[in-house]
Amino acid sequence: MLELFSNTNEPWQPKLPDAELTYYSTFWTKEEADILYSKLLKEIPWRQDPITVFGKTYPQPRLTSLHSVNKEPYSYSGIKMNPEPMTETLERILSKIKTVEQNKFTSVLLNQYRDGKDSNGWHSDDEKELGINPIIASVSLGEERFFHLKHKKDKTQRLKIKLEHGSLLIMGGTMQENWQHQIAKTKREIDSRINLTFRKILK
Ligand SMILES: O=C(O)CCC(=O)C(=O)O
Ligand SMILES: [Mn+2]
């Protein structure tokens with residue numbers, strides 16, 4: 001009887017130095033996540049911007065889109081993104097996140113990894129527009145990919161988390177100051193994945 005009523009969506013909170021992480025593996029059911037995935041694939045004005053890293057410019061290895069409740073731009077890797085408005089689907093996702101995290105998110109950056117060749121290199125979400133110790137809520141839909149994490153100073157501290165379809169990962173504390181993360185390329189034949197990171201972008 002007890003098992004019948006046990007909460008299968010208890011968050012997982014790994015004990016990490018200098019970071020706070022909370023992972024909900026099935027924040028959305030498979031059915032809900034399937035709907036959100038296909039809506040976003042169709043509705044979002046996906047684009048591929050050129051990025052400049054170490055003086056060289058090439059197409060970003062994934063598609064992106066920025067949406068916001070305000071007009072504040074967001075800059076990273078030499079790209080300045082001006083936001084699109086929020087959509088009904090994005091509002092619906094955000095209102096469910098608010099049931100567990102009351103941070104006043106203003107914006108969401110979406111990534112579409114079309115296949116295993118698409119990736120997101122080592123970085124921290126530490127742009128000045130995010131302020132200190134930002135809280136970032138990261139939603140995963142579609143193909144599972146590994147989220148790699150490494151501590152900036154203590155090289156013994158590394159981990160990878162499989163980000164499942166319909167999952168929610170909340171990054172907080174001093175995580176962006178002390179850790180980097182990436183989505184590495186993979187040679188596996190895989191389908192596409194959509195990631196949404198809700199952020200509070202300050203003026
Ligand atoms: O795709 C992910 O899970 C991470 C995305 C990310 O780190 C970012 O957009 O800053
Ligand atoms: Mn990031």
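Two residues are in contact here if their C-beta atoms, placed from the backbone, lie within 7 Å. The model is predicted: local features need pLDDT of at least 70, side-chain atom pairs count only at pLDDT 80 or more, and totals for chains, interfaces and linings use all residues. Residues are numbered from 1 along each chain as its sequence is written, and chains are lettered from A and ligands numbered from 1 in the order in which they are written.

Beyond its neighbours within four places in sequence, L141 is in contact with A33, L36, Y37, L40, H165, G166 and I194. L141 also belongs, with L36, A137, L168, L169, L196 and F198, to the residues with the most contacts inside the largest nonpolar core, which has 35 residues.

Strands are DSSP runs of E of at least two residues, numbered from the N terminus; two of them pair if DSSP finds at least two bridges between them. Two antiparallel pairs are set out below.

| Strand pair | Bridges | Opposed residues |
|---|---|---|
| β2 (residues 50-53) and β3 (residues 56-59) | 4 bridges | V53 and K56 |
| β11 (residues 145-151) and β12 | 6 bridges | K150 and R158 |

The hairpin of β2 and β3 has 2 residues between the strands, and F54 there takes a positive phi near 50°.

An open, antiparallel sheet of 4 strands follows the order β9-β14-β11-β12. Because β9 (120-123) and β12 (158-163) stand at the edges with a single partner strand each, one side of each is left without a neighbour in the sheet.

Ligand 1 is surrounded by residues including N111, D125, H181 and T197. Two or more residues of this shell come from each of β8 (107-113), β14 (179-183) and β15 (193-199).

Methods:
A residue is near a molecule or strand if its C-beta atom, placed from the backbone, lies within 6 Å of it. A nonpolar core is a set of buried Ala, Val, Leu, Ile, Met, Phe, Trp, Tyr and Cys residues joined through C-beta atoms within 7 Å. A residue is buried if 20 or more other C-beta atoms lie within 10 Å of its own, exposed if 12 or fewer, and partly exposed in between; C-beta atoms are placed from the backbone.
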